[in-house]
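Biologist: Before we look at the model together, could you tell me what the words for its parts rest on?

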Amino acid sequence: MRKWWRGLAPAVVVLLAALAVAGLRPATEHGQGRPQLRFGPGGVFRVALFADLHYGEDAWTDWGPAQDAASDRVMAAVLDAENPDFVVYLGDLVTANNLPIPNASLYWDRAISASRSRGVPWATVFGNHDDMPFEWPPEWFSPNGVPPLRCPPPTMSTPDSGCSFRGTPRIDLMAAEVGANRLSYSSSGPRELWPGVSNYVLQVLSRRRTRGSDDHDPALLMYFLDSGGGSYTEVVSSTQVKWFHSQSQFLNPNGRIPELIFWHIPSTAYVKVAPKAKSEIRKPCVGSINKEEVAPQAAEWGMMDALAKRPSVKAVFVGHNHGLDWCCPYEELWLCFARHTGYGGYGDWPRGARIIQVTEEPFSAVSWIRMENGSRHSDVTLSS
């Protein structure tokens, strides 16, 4: 049988090969039937960050399901108030160490349902709780014993449903999300970066056509990285740093396209710029809660150096610390925490979400916090 690529021009063959090596898809679509992301008619692209949802905590109690319902309400309120073009789920969508079921994707699916039901595309990165093994509660070994568990009944697609306590690996969670959701722009990333899974790049195309062509050039690049935790060490590895170098040089060799970076666990650079814990947040930092010390990755293997050397990188966004929501400058870029969105996880601070708005021409990037009650605060310009 004639190989399909033999009729292509040599330059096209080279391009497709480069895309395959880089772990990218051609700009015309992202996967099966997923149109490329684009700036809107007003030249604006708005992103909502949902961080640390922690679905599935203590599912065998009354308060566990109640706080999942509260997380549903937070995301609904933010999406209805902001009408974003895109959502980033910034890790810890589920608390897998509390899930006594064989497939945590059942709770993962609920976490992304607010975006899906409104037709808003999204992407996910993994946090440190998403694929943790089940932690047996000590009280289950008391005289009262194991409480009655609410286990999912078997179905045609999940015949092994029930309670198995085995956990769900990262790669299975991602496969379930991407395979079942047309609006998911997530990816398992290159195999050479495993055990880190959520490593990929998304291009947001310009609203303006290239001169003499129907094509649109990328006007924003969003990089997603797996910062570890759960089943392996909390770190962005040196291999991921090399991958970022190759991606950025291939997609943006002259640095003319603005770049935003997303992962879950803050790097050690966040410790360097952080306001003193529990002190007032003062300029040049911007935020409203500073209730704890930064809990960084286990080590720094060069990613922050790589980002700081690229003027095109405007900001890094992380979650993980529920009691922090500030942005602080670092070198020529900004380091930002998202706002704790879910009612799962520790802390009783009011819930909300960080919003990022990028304007294509003239370029600007601004951010603010939208709260569950509809209020807005902590406006910061990230492009100055």
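Modeller: This is a predicted model, and its helices and strands are DSSP runs, a helix having at least four residues and a strand at least two, numbered from the N terminus. P362, for instance, is placed in the loop between β11 and β12 (364-371).

Biologist: What is the peptide bond from E361 to P362 like?

Modeller: The bond from E361 to P362 is cis, with omega near -5°. Another cis bond runs from K283 to P284, with omega near 15°, and P284 belongs to the loop between α7 (268-273) and α8 (303-308).

Biologist: Why is R339 called buried?

Modeller: The relative accessibility of R339 is 3%, and buried means under 20%, so R339 counts as buried. R339 sits in the loop between β10 (333-337) and β11 (352-359), and, leaving aside neighbours within four places in sequence, its contacts include A51, W349, I369 and H377.

Biologist: What makes the pairing of the side chains of R339 and D325 a polar contact?

Modeller: A polar contact needs N or O atoms within 3.5 Å, one able to donate a hydrogen and the other to accept it; the side chains of R339 and D325 make such a contact at 2.8 Å. In addition, a polar atom of the R339 side chain lies 2.9 Å from the backbone oxygen of P350.

Biologist: Why is H54 described as buried, and what is its phi?

Modeller: The relative accessible area of H54 is 3%, which is under the 20% limit, and therefore H54 is buried. Its phi is about 60°, a positive value although H54 is not a glycine, and H54 is found in the loop between β2 (44-50) and α2 (63-82).

Biologist: Why is H320 called buried?

Modeller: H320 has a relative accessible area of 13%, and because the limit for buried is under 20%, H320 meets it. H320 lies in the loop between β8 (313-318) and β9 (327-330), and its phi, near 80°, is positive in a residue other than glycine.

Biologist: How do you know how far the coordinates of residues 1-30 can be read?

Modeller: The mean pLDDT of the chain is 89, and 87% of its residues reach 70 or more. Over residues 1-30, however, the pLDDT is below 50, although this stretch has 30 contacts in the model beyond near neighbours in sequence. Where pLDDT is low, the predicted coordinates should not be read in detail. I would therefore apply that caution to residues 1-30, where the pLDDT is below 50.

How values were computed. Residues are numbered from 1 along each chain as its sequence is written. Side-chain values use heavy atoms; hydrogens and water are left out. pLDDT is the predictor's confidence in each residue, from 0 to 100. Contact means heavy atoms within 4.5 Å. Buried means under 20% relative accessible area, exposed over 50%, partly exposed in between (1.4 Å probe, protein chains only).
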